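Work through these exercises with the sequence and the model side by side. Try each task before you read its solution.

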Amino acid sequence: MDKGKIIKQLRLENHMTQEELAEKLHTTKQTIYKYESGIVTNIPSDKIQMMAQIFGVSPVKIMGLSNVGVPAAHGVPILGTICAGNGVYAEANFDGYFFVDHSIRADCCLYVHGDSMVDAGIVDGDVVFLQKDIPIEDGAVCGVVLKDSCEAVLKKVYRSGEHLILQPCNSNYKPIVEDPENVSIVGEMIGVYHKTK
């Protein structure tokens, strides 16, 4: 079955109109019609990924590829947004799954908002993958929550005496110095997904 028929089948199985799918993909009803009718066959990879998350399937299924020789994908929970800037309110908002190869041992992932980590190659709109409950070494990029303000930030973490230093990777931002008791480390970043467009 080709991509267009698979997309239409998944959309109907999920009781979704073309308008509703278009809204979730940040595109138009006409574009969805073109996908489903086969007028557009070169669907951007980020749209394939988004549809996989929306329908709860592997991107491989949407592409209509055989699973023979293709490593099985698994879903990593998307838990909202983390700030690479001045901080955002920390809420674990489940936002579907990001499907990746089983070689990526992530426990969760988050969308990046802000530019405080650009010198580490992490930009606004990226998705960072975090692994929980592993020993954190100095200089590791981590997702952390500041308990007193309920802010979630992505920074390099260093220990300095009785304090933790949360170091941005952008000279426009100052380090955050915190008491370890006020910092909850969500996990260490083990990978990042960059959109190509």
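**Exercise 1. Place E178 and describe its surroundings.**

Step 1: find the element. E178 belongs to strand 9, residues 176–178. Helices (H or I, at least four residues) and strands (E, at least two) are DSSP runs, numbered from the N terminus.

Before going on, note the ground rules. This is a predicted model, where local features need pLDDT of at least 70 and side-chain atom pairs count only at pLDDT 80 or more, while totals for chains, interfaces and linings use all residues. Residues are numbered from 1 along each chain as its sequence is written, and side-chain values use heavy atoms, with hydrogens and water left out.

Step 2: look for a charged partner. E178 is buried but has no salt bridge. Buried means under 20% relative accessible area, exposed over 50%, and partly exposed in between (1.4 Å probe, protein chains only). A salt bridge needs a side-chain nitrogen of Lys or Arg within 4 Å of a carboxyl oxygen of Asp or Glu. The nearest side chain of opposite charge is K147, 10 Å away. For charge, Lys and Arg count as positive, Asp and Glu as negative; His and the chain ends are not counted.

Step 3: look for a polar partner. The side chains of E178 and N182 make a polar contact at 2.7 Å. Such a contact is a pair of N or O atoms within 3.5 Å; within protein, one must be able to donate a hydrogen and the other to accept it, and residues adjacent in sequence count only if both atoms are side-chain atoms.

Step 4: list the other neighbours. Setting aside residues within four places in sequence, E178 is in contact (heavy atoms within 4.5 Å) with L146, H163, L164 and V183.

**Exercise 2. Which residues touch the most other members of the largest nonpolar core?**

Step 1: define the core. It is a set of buried Ala, Val, Leu, Ile, Met, Phe, Trp, Tyr and Cys residues joined through side-chain atoms within 4.5 Å.

Step 2: read off the members. The largest core has 18 residues, and I7, L21, M51, F55 and I62 touch the most other members. Helix 1 (3–13), helix 2 (18–24), helix 3 (29–37) and helix 4 (45–55) each supply at least two residues. Helix 4 gives the largest share, five residues.

Step 3: zoom in on M51. Beyond its neighbours within four places in sequence, M51 is in contact with I7, L21, L25, Y35, I43 and I62. Another core lies apart, with 14 residues, including I82, M117, I122 and C169.

**Exercise 3. Trace the aromatic pairs.**

Step 1: count. The whole structure holds two aromatic pairs. Rings of Phe, Tyr and Trp (its six-membered ring) pair if their centres lie within 6.5 Å; planes under 30 degrees apart are stacked, over 60 edge-to-face, and the rest tilted.

Step 2: take F98 and F129. Their centres are 5.3 Å apart with 85° between the planes, an edge-to-face pair. F98 sits in strand 3 (residues 97–101) and F129 in strand 5 (residues 127–131), 31 residues apart.

Step 3: take F98 and Y193. The centres are 5.0 Å apart and the planes are at 65°, so this pair is edge-to-face. Y193 lies in strand 10 (residues 183–193), so the pair ties together parts 95 residues apart in sequence.

Step 4: combine. Ring pairs link F98, F129 and Y193 into a cluster. F98 counts as buried at 4% relative accessibility. Y193 is partly exposed, at 22%.
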